[in-house]
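Welcome, and please open the structure in your viewer. We will go from stop to stop, with something to select at each one.

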Amino acid sequence: MSSLYGRDQEVAALRQFLATAGTGVAVAAVLDGERGSGKTALLEAFRAEHPDLPALQARAVEWERDTPGAIIEQLLRSPCATEPWPALLRRLAATYQTGSATGEPLATTCAATTVAASAGASATPLLVLIDDAHWADLSSLRVLTSALDRADTGVLALLAVDPECAAPGTTAVLELLERHRRHGLALHPLNPPEVAALAESAAGIRLSAPAARLLAEHTGGNPGRITRLLRETDPEIWSRWMPLLPVPRAEQAAVSATLAAITPEGRRLVEAAAVLGDSTELGRAAALADLTDPVAALDAARTCGLLLTDLDRPLFTVTFPAPLVRGAVLASLTPLARQALHRRAADQADDEGRRLDHLVAAQPVADADLATRLDDYAATRAANGEWAACAAALIQASHMSPSPALRENRLVRGVDALVGAGSIPQAEALAPEIASFDDSPLRDCALGYLAIMRGRPSESRLLLTRAWHGCGPDPTGPVAANIGQRHVIDALARWDGQRLLQWSERVARITVPSTPEAVEAAAIIGLGHAITGALDAAARTYADVLADTVTGAQSQRYRMAKGWLSLAMDGLDDARLLLESAVPTTFRFGSTRISLWAQGWLARVQFTLGEWNDALHTVDRAAAIVEESGIDLLRPLIHWTGAQIHVLRGEDEAARHHLRLGRVQSQEYLTMHLPSALAHAQYAQAHADHEGVLRALSTAARVAPGSDLAGFWPWADLYANALVTAGRIDDADRFLARYEDQARASGHRSSAARFGAVRGRITAATKGINEAAPVFAEALHALDDLAMPYDRARIALLYGQTLRRAGKRREADTVMRSARETFAALGASVLVERCDRELKAAGVNAKRRRDPFSELTEQERTVARLVMSGKTNKQAAEELFLSVKTIQYHLTRVYAKLRVRSRTELVAYMRELE
């Protein structure tokens, strides 16, 4: 059933129902789904999957719902209208016994017996498939239900039902169907990836992630609607950007018929709501429709299914069942009616953005004054960093501009704003058009900005360099400032701090501090100082008053950059607060690009703090945004943390998934190469593949020798440690010296600790363990007061391994157990197993202590006793007046100290001791 996209769970459930029926019992299940959701396709595919099973099939139709026995006649393939009920029941029961409508016995060699055999059955189950069972006649359902109740052989009855198709007189049928809902399946709407797979299969159309999302939202994820729409439209439209998608003809006809039948007041309310958007307040729609009794109109609209609302709210909101329904309502309006509604909506709007949207919708031809208003509005949005609103206004202004020159200028600026908003697919859809315009610095700047976001450094440098030279020998003005700011972003992506500072200074010279270009350049300049090693200057940049006075979307840039620097400087608590506040974009209208930067580094903060579940949640959320936005520049950063956590937890398939998504090509930005290389190196390290570590980091060692500075990209200790493991002690010594000097000069404690651990291994190999022990101790001491459990445990592991190999088994045991406890609490099963092997090889404390509680704290002993007595985490939390999360934390530490993996093992261990 590979063609049923998005139905894996339902197919698995049907197979389980069949296995149950194969044990010789009767199973009935109801498949719930609206029209077009794929109920029929699911039944047909399931039947095709089991061609050798005996089956009885029927499909109910609306006009036969009052015909007694209509479904039974289809099942038995013979008339039965005059046959008494008991006789029908006997015939159907006999059919269940034989599996044949003609009464002939089943062939015992039926291939489907394998299904029954696998479930421990001795009989071949019979399939009974009834499509559109909500239209079934009552007498047939009664006979079927009674026959199922009395069946003494295996039967699987599947009844497909559309719960929205209830009609007068079908109450008894629906109540009878409820008896079979103990086994029920609801066909969920398809999600965007499933929509994309269906589009490629059904129509050969490859949808981008945003197009798949729009299509899923537009159709409510209904496979039937999706398929019809794809087949009725020109495939080329799916490569363009469409603010409003077309409507399938069948749905358009149905909505038009419903509108024709509704009350005039109800129709006016529905039409007004459609003009106002997918969702709007009832009062606003009623005012636009000029209704004196909006509740009566709403009642009519809800009864016919065109509007939905929450009547429990004082000011309830009306919505459409799907954007497709709204689109059909708009399409049913005459041009004159639509124009009149939009003009009235513009007069009533209390927001300039909404007002302009309605004026544009009401204006059939170009209008220079309206285009100017839109341009002015875009400037106010840009000043606040609200690039999505800015882009929409500029693109509308372009369409409204009578002048070709202004039309091109505004479209180019609109594309540039789209890139700033993170709407890369939409910008790419318009890129060919602006590329056809005459050469200009503005055009090259927008295309260069797009190239940066797609991770194309050669293309971006060519375009941005040409754009800057196109501004003349002494560039000034907003276009030059815009180009300079794009150079700043390009320099950051290249991890070129000196160039970043130079371009930031140029932007500052040619524009005033409050412009968007100046704000973003100023927000990033601190990172430029940090990259060049001027950490004090970087810290002063973000302590500046300006960082605290900028508000709205622009503050997001400062928070992200300051949070990133705080992470690199070991200020984890500050970093978390700043980056968390830089993530949301909904309320401050911030930049998707900046939000993704913040989420990428927030995941690293959470990983470092040991909050790995939270880090994975951040990664998953950001990965979805990357796919939707198309910002490839940040893809490797996002997937780095996901790959590392999953491989440390022994989840190789998930880790490889992140590695694939974060992989880069040879000609991409350094800020893409470094996280991708780190992810691959950490994957190799988890598998003890030290040559793989060296291969993964070879590019970093060649082109980014100083990029470990201040802990931005912690790769150098991985590389040096792999050199030591490979026996290249002298190479490791020479390589590490440079980074140790940098860490000492900057006072960067976590870097000093990581490098110190590798230096300890080198010292042990060249001078012996007595010389190495103080080096390891100093490395661990550097992490005092820093909440870095993984880093501390990693250093302890290296120390313990070094001690054991030097014959210091008892000291190794103590250090290794500390590392193991932390790894177990983090869920790093790969490293827990590595510690266990080392502990076993050391041979110290081979037998567990008779007093298992001796290693536990008082709180841990209390939690352990409660769990061993049979208390759940919730019950233990209530008894100790603690949170469930705190109980789980203590329990995780108990498991680590007693070297068990679950509460079952804990109880078994204690019983063994007793």
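## First stop: strands side by side

Start by selecting β3 and β4, which pair in the parallel sense over 5 bridges. You are looking at a predicted model, so keep that in mind throughout the tour.

To find one of these pairings by residue, pick Val 128: its bridge partner in β4 is Ala 157. Now add β1 to the selection. β1 and β4 also run parallel, and 7 bridges join them. Here you can click on Asp 32, whose bridge partner in β4 is Val 161.

Stay with β4 for a moment. How many of its 7 residues are buried? The count is 7 of the 7, so β4 is largely enclosed by the rest of the structure. Colour its two faces separately to see how this works out. On one side, Val 155, Ala 157, Leu 159 and Val 161 are buried. On the other, Leu 156, Leu 158 and Ala 160 are buried as well, so that both faces are covered.

## Second stop: a helix beside these strands

Next, select helix α2, residues 39-49. Its buried residues are Lys 39, Leu 42, Leu 43, Ala 45, Phe 46 and Arg 47. What do they pack against? Show α1 (8-21), β1 (26-32), β2 (55-59), β3 (126-131) and β4 (155-161), and you have the partners of those buried residues. The strands β1, β3 and β4 from the previous stop are among them.

## Third stop: an open sheet

Move along the chain and select β6, β8 and β7. These 3 strands form an open sheet in that order, with antiparallel pairing. Which strands stand at the edges? They are β6 (279-281) and β7 (308-309); each has a single partner strand, so one side of each is left without a neighbour in the sheet.

Add helix α13, residues 282-289, which packs on the sheet and touches β6 and β8. Turn the view until you can compare directions: that of α13 makes about 80° with that of β6.

Then look at β7 and β8 (residues 317-319), an antiparallel pair joined by 2 bridges. One residue to click on is Thr 309, whose bridge partner in β8 is Val 318.

## Fourth stop: the cavities

Rolling a probe the size of a water molecule over the atoms shows where empty space is left. A search of the whole structure finds 4 cavities of 30 Å³ or more.

Go to the largest cavity, with a volume of about 450 Å³. To centre your view, select Arg 604, Pro 714, Asp 717, Arg 754 and Asp 791, which lie nearest its centre among the 29 residues of the lining. Which helices each supply at least two residues of this lining? Show α29 (553-568), α31 (592-609), α33 (635-648), α35 (670-686), α38 (716-725), α40 (749-767) and α42 (789-805). The largest share comes from α42, with 5 residues. Colouring the lining by class gives 15 nonpolar, 8 polar and 6 charged residues.

The second largest cavity holds about 70 Å³ of space. Among the residues that line it are Trp 387, Asp 416, Tyr 449, Asn 482, Arg 486, Glu 517 and Arg 593. Three helices to show here are α20 (404-421), α24 (477-494) and α26 (516-531), each of which supplies at least two lining residues. By class, this lining divides into 4 nonpolar, 3 polar and 5 charged residues.

## Fifth stop: two single residues

Select Glu 740 in helix α39, residues 729-746. Is Glu 740 buried or exposed? Its relative accessibility is 11%, so Glu 740 counts as buried. Leaving aside residues up to four places away in sequence, Glu 740 touches Phe 755 and Arg 759.

Now find Arg 817 in helix α43, residues 809-826. With 23% relative accessibility, Arg 817 counts as partly exposed. Draw a distance from its C-alpha to that of Ala 793: the two are 9.7 Å apart in space and 24 residues apart in sequence.

## Last stop: the whole chain

Zoom out to show everything. The protein chain has 48 helices and 8 strands. Of its 914 residues, 54% are buried. Among contacts with a separation of 6 or more, 65% are between residues 24 or more positions apart.

How values were computed
Residues are numbered from 1 along each chain as its sequence is written. This is a predicted model: local features need pLDDT of at least 70, side-chain atom pairs count only at pLDDT 80 or more; totals for chains, interfaces and linings use all residues. Side-chain values use heavy atoms; hydrogens and water are left out. Two strands pair if DSSP finds at least two bridges between them. Helices (H or I, at least four residues) and strands (E, at least two) are DSSP runs, numbered from the N terminus. Contact means heavy atoms within 4.5 Å. Axes are lines fitted to C-alpha atoms, for helices over the stretch in contact, and angles run from 0 to 180 degrees between N-to-C directions. On a 1 Å grid over the protein atoms alone, a cavity is a set of points where a 1.4 Å probe fits but cannot get out, and a pocket is an open set with protein on both sides within 12 Å along at least five of seven lines; lining residues have an atom within 4 Å of a point. Grid points are joined across faces, edges and corners, and a volume is the space filled by probe spheres set on the points. Ala, Val, Leu, Ile, Met, Phe, Trp, Tyr, Cys and Pro count as nonpolar, Asp, Glu, Lys and Arg as charged, and the others, Gly among them, as polar. Buried means under 20% relative accessible area, exposed over 50%, partly exposed in between (1.4 Å probe, protein chains only).
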